[in-house]
Amino acid sequence: MRLGPRPATLGLLLLCTAAAGAGKAEELHYPQGEHRTDYDREALLGAQEEVDEYAKLSHEEQQKRLQSIIKKIDLDSDGFLTESELSSWIQMSFKHYAMQEAKQQFVEYDKNSDGTVTWDEYNIQMYDRVIDFDENTALDDAEEESFRQLHLKDKKRFEKANQDLGPGLSLEEFIAFEHPEEVDYMTEFVIQEALEEHDKNGDGFVSLEEFLGDYRRDPTANEDPEWILVEKDRFVNDYDKDNDGRLDPQELLSWVVPNNQGIAQEEALHLIDEMDLNGDKKLSEEEILENEDLFLASEATDYGRQLHDDYFYHDEL
């Protein structure tokens, strides 16, 4: 199925790039419809050394760390994990690893190790050279012009993230640049960027036609393709909360910012459906340990990576 339209911010473009290979990944993850837990461990744990480290842990140490994680997910300490508790934990895990990745990138981008990342350093890390496009001069080559537009948007986001107007971005500002959806002062920028991209008639809203972008139905077709039907359904049922046929700035934000809440809730429901042995719609420690492989192959433990990250299993979290 073709992916629906997405705004052209760098972070979201990266999400789309990753999603473009989702069909192949799905085949590897669920061959003939059967779930492959070794795929989760091998492909989703991350670096090969993390996979090797996982294999070195004794079963007793794995269970000890997993039991510690279970206790932390159980916010009310009643001995059971509910959908809400699992969903909250998964969302926290998403944010933690996004922040950790940004911190690692910051060190790589800060070429002179002075505690800031300048625009030139960002360019050198990304493109091996400093790129400087004229904001007012379009390029003749369509591909080069597309890159120019993306690069200028990156520059605008970089400048917006630079709150103190210093020569470069501090770590906190760099996180705002890489993950504007996580930082309050970037919200208005994210909305305005999306409006510039999609609000073609300049009325401050995004209509269904603008939402679908350049799509035009094939005049010889009897109905829209499946991906368009899916996108129309999302527009009506997920984003257009007031049912006025258009997305206002706040509704637009729910579209352009990745909805980790929905992903987390879906995973929480999946885990309960698969592991709830007595049908009480929640998970006990016993049920989880009995289905340990499934739990470690889920986003609740970031595919087992949390067993090696003392941020999650350490007593002082």
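Two aromatic rings of Phe, Tyr or Trp are counted as a pair if their centres lie within 6.5 Å. In this predicted model, Phe106, Tyr109, Trp119, Tyr122, Phe158, Phe174 and Phe177 form one aromatic cluster. The structure holds 18 aromatic pairs, and two of these pairs are described below, followed by a charged patch on the surface.

**Phenylalanine 174 and phenylalanine 177**

- The structure's 18 aromatic pairs include phenylalanine 174 with phenylalanine 177, whose ring centres are 6.3 Å apart; the pair is classed as tilted because the ring planes meet at 45°.
- Both residues belong to helix H9 (residues 171-178), where a spacing of three residues separates them by about one helical turn.
- Phenylalanine 174 has a relative accessible area of 0% and is therefore buried.
- Phenylalanine 177 is likewise buried, since its relative accessible area is 0%.

**Phenylalanine 211 and tyrosine 239**

- The ring centres of phenylalanine 211 and tyrosine 239 lie 6.0 Å apart, and with planes at 55° the pair is tilted.
- Phenylalanine 211 is located in helix H11 (residues 208-212) and tyrosine 239 in helix H12 (residues 226-239), so this pair ties together parts that are 28 residues apart in sequence.
- Phenylalanine 211 and tyrosine 239 are both buried.

**The negative surface patch**

- Asp120, Asp132, Asp134, Glu135 and Glu159 make up a negative patch on the surface.
- One of these residues, aspartate 120, is situated in helix H7 (residues 119-127).
- Aspartate 120 counts as partly exposed because its relative accessibility is 40%, a value that falls between the limits of 20% for buried and 50% for exposed.

Conventions. Residues numbered from 1 in each chain as written. Predicted model: local features only at pLDDT ≥ 70, side-chain atom pairs only at ≥ 80, totals over all residues. Heavy atoms only, no water. Patch = residues over 30% accessible without salt bridge, like charges linked within 9 Å, V, L, I, M, F, W, Y side chains within 5 Å. Areas by Shrake-Rupley, 256 points an atom, 1.4 Å probe, with all protein chains shown as cover. Salt bridge = Lys/Arg side-chain N within 4 Å of Asp/Glu carboxyl O. Lys, Arg positive; Asp, Glu negative; His and termini not counted. Charge placed at Lys NZ, Arg CZ, Asp CG, Glu CD. Helix = DSSP H or I, 4+ residues; strand = E, 2+ residues; numbered from the N terminus. Buried < 20%, exposed > 50% of the residue type's maximum accessible area, 1.4 Å probe, protein only. Phe/Tyr/Trp six-rings, centres within 6.5 Å; stacked < 30°, edge-to-face > 60°.
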